[in-house]
Amino acid sequence: MKTYVTTAIPYVNGAPHLGHAEDYLLADIAARYMRMHGDEVKFQVGTDEHGNKIEKKAAELGLDVKKYVDENSAKFKEFIKKLGVEYTDFIRTTDESHEALVQKIWQKLAPHIYKSDYEGFYCEGCERFVTDTEYKENNGICPDHQKPYEHLKESNYYFKVSDFKSEIKEKIEKDELKIIPEFRKNEILKLLADTPDVSISRPKAHLKWGVEVPDDDEQVMYVWMDALSNYITVLGFPDKDISDFWPATVQIVGKDILRFHAILWPAMLLGLGLPLPKTLLCHGFILANGQKMSKSIGNVVDPIEVLEKHGLDAFRYYFSRHIDTFADSDFTWEKYESAYNNELANDYGNLVQRLSNLCNKNSVDRAFLEKRKVLEDGKFKNTWDSDDAEYKIYMDNFEFSKGIEYAWEKIQAINKRIEDTKPWSVAKENPDEAKILLASLVGDLLNANEMLKPFLPAAEKVDKIFTSKEITPPKEPLFPKEFKK
Ligand code: MSP
């Protein structure tokens, strides 16, 4: 099957912070899981490089905007690589090809575009026009960015979201555009009912750093119009037929930007005559001391420092298991250390060391594992569909923190089985019986290990250890107490 996974493209008004990891990791887990099922996966990542926020920040630093976005986009690219994310396409909204395609998209949407005056408020942090009701509810201050809304009076182009509201409502209600988790669906339906037409351009007097509006040299496009289009310009729309990969299988976004993806984006797609994505997966925030981690607030944790502390597996483990897929979760160094030492190193790392050691000592090798039908042609075949249907349900529903939790319980159960059965004692009395017991334990471990593969690159190493001709314990523990680079 051909599948398409997308991630939100972050603004490049700074370097990546820990919160940005969430989109990439969720998408990468989904993509790896899909590939394990034989899917051909298209996986887009990229950077959102236009808008006031970026223009202003570059000016503050006295830098040329293009140079500034080039530098920061490169930082994101490097970060994504360091996270072990196996994407297929990296798009920048300043790519010439993207800009040209966005202009064509604008022209295709022309029947739903009209010009009018805007007077109201804007949040530069969100790059969003704010309704009067919201302004009042939040006492004039954006709760996400802790900054006062800006008052704007300008002439803009509007997109007639009203042309598509009833169709979007129906698709969301029927789960044809499935919003996960379910409780977000109702939030969006409520919001949709109150959504006015959306302003989709800004006069150059207020914003220069954007894609030019076709046939109007006084206006540039509103950054969200430009940014949302990335999901299809990366496939070549409208110049190319994109039906191989569109509609997207899953689009991953944070809760602050679900509204754009569940209202403006579907309206644009319907205006273009394209189908809507199958799923919008909406994750929560990573918090620092109970508050959203954000560049604008200035409470960010440097993800490179976290990555370098105990390596990639520790990072991915913590994020998959201890950052809830859908709810907000705090990051603290204390919890991070404890997850690494008490869970990853103790439960998993020690198990691999111990079991490979026992196999080595008791001549349990690939030939024996094949004889015991643990391996077939040197490979382990997973049994998710039958034995571990629960894991499969979690993963198919993108409930990744539950998926890894399930796998971890299996790991802990194997540790307990070793403690209970004491293969080293059995070996003294009856070596053949010990070998059979060890082969069965290896089967259990390889099974749990398969479930860990979408999450932890180390699972591939573990697979190699137990499917090699001879089982040799790793010379260095997989997760040493002090991580060496
Ligand atoms: N540029 C827009 C997205 C355009 S998509 C067509 C944007 N950029 S962002 O840099 O503010 O956020 C990028 C992604 O990171 C979003 O999904 C956002 O929710 C996520 N996160 C930013 N801070 C976050 C946390 N502290 N925690 C988890 N994710 C958060 O919005």
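In this predicted model, S201 belongs to strand β11, which spans residues 201-203. Because its relative accessibility is 0%, under the 20% limit, S201 counts as buried. Two polar contacts involve the side chain of S201. A polar atom of this side chain lies 2.8 Å from the backbone nitrogen of Y157, and the side chains of S201 and Q219 are joined by a polar contact of 2.3 Å. Once neighbours within four places in sequence are set aside, the residues in contact with S201 are W106, E154, N156, Y157, V213, Q219, V220, M221 and Y222. Y157 and Q219 thus appear in this list as well as in the polar contacts, Y157 through its backbone nitrogen and Q219 through its side chain.

**Ligand environment**

The ligand is surrounded by 26 residues, and the closest of them are I9, D23, D48, D256 and I286. By class, this shell comprises 13 nonpolar, eight polar and five charged residues. Several elements of secondary structure contribute: α1 (21-36), α8 (223-228), α9 (230-233) and β13 (250-254) each provide at least two residues of the shell. The greatest contribution comes from α8, with three residues.

Polar contacts to the ligand involve both backbone and side-chain atoms of the protein. A polar backbone atom of I9 is found 2.8 Å from a nitrogen atom of the ligand. An oxygen atom of the ligand lies 3.2 Å from a backbone N or O atom of Y11. In the case of D23, an N or O atom of the side chain is 2.8 Å from an oxygen atom of the ligand. On its own, the ligand has 650 Å² of accessible area, of which the protein covers 97%.

**Salt bridges**

The model contains 38 salt bridges in total. Three of them are listed below with the distance between N and O atoms.

| Residue pair | N to O distance |
|---|---|
| K309 and E337 | 3.8 Å |
| E419 and R354 | 2.7 Å |
| K416 and D420 | 2.9 Å |

The side chains of K309 and E337 meet in one of these salt bridges. Since K309 lies in helix α11 (residues 303-310) and E337 in helix α13 (residues 333-361), the pair ties together parts that are 28 residues apart in sequence. K309 is partly exposed, its relative accessible area being 37%. E337 is likewise partly exposed, with a value of 23%.

Helix α13 also takes part in a second pair, the salt bridge between E419 and R354. Here R354 lies in helix α13 and E419 in helix α16 (residues 400-421), and the pair links distant parts of the chain, 65 residues apart. E419 has a relative accessible area of 39% and is partly exposed, and R354, at 29%, is also partly exposed.

The salt bridge between K416 and D420 is placed within one helix. Both residues lie in helix α16, four residues apart, which is about one turn of the helix. K416 counts as exposed because its relative accessibility of 52% is over the 50% limit.

Salt bridges that share partners also form a network, in which D28, R32, R35, E86 and R316 are joined.

Terms used:
Residues are numbered from 1 along each chain as its sequence is written. This is a predicted model: local features need pLDDT of at least 70, side-chain atom pairs count only at pLDDT 80 or more; totals for chains, interfaces and linings use all residues. Side-chain values use heavy atoms; hydrogens and water are left out. A residue is near a molecule or strand if one of its heavy atoms lies within 4 Å of it. A polar contact is a pair of N or O atoms within 3.5 Å; within protein, one must be able to donate a hydrogen and the other to accept it, and residues adjacent in sequence count only if both atoms are side-chain atoms. Accessible areas come from the Shrake-Rupley method with a 1.4 Å probe; for residues, only the protein chains shown count as cover. Ala, Val, Leu, Ile, Met, Phe, Trp, Tyr, Cys and Pro count as nonpolar, Asp, Glu, Lys and Arg as charged, and the others, Gly among them, as polar. A salt bridge is a side-chain nitrogen of Lys or Arg within 4 Å of a carboxyl oxygen of Asp or Glu. Buried means under 20% relative accessible area, exposed over 50%, partly exposed in between (1.4 Å probe, protein chains only). Contact means heavy atoms within 4.5 Å.
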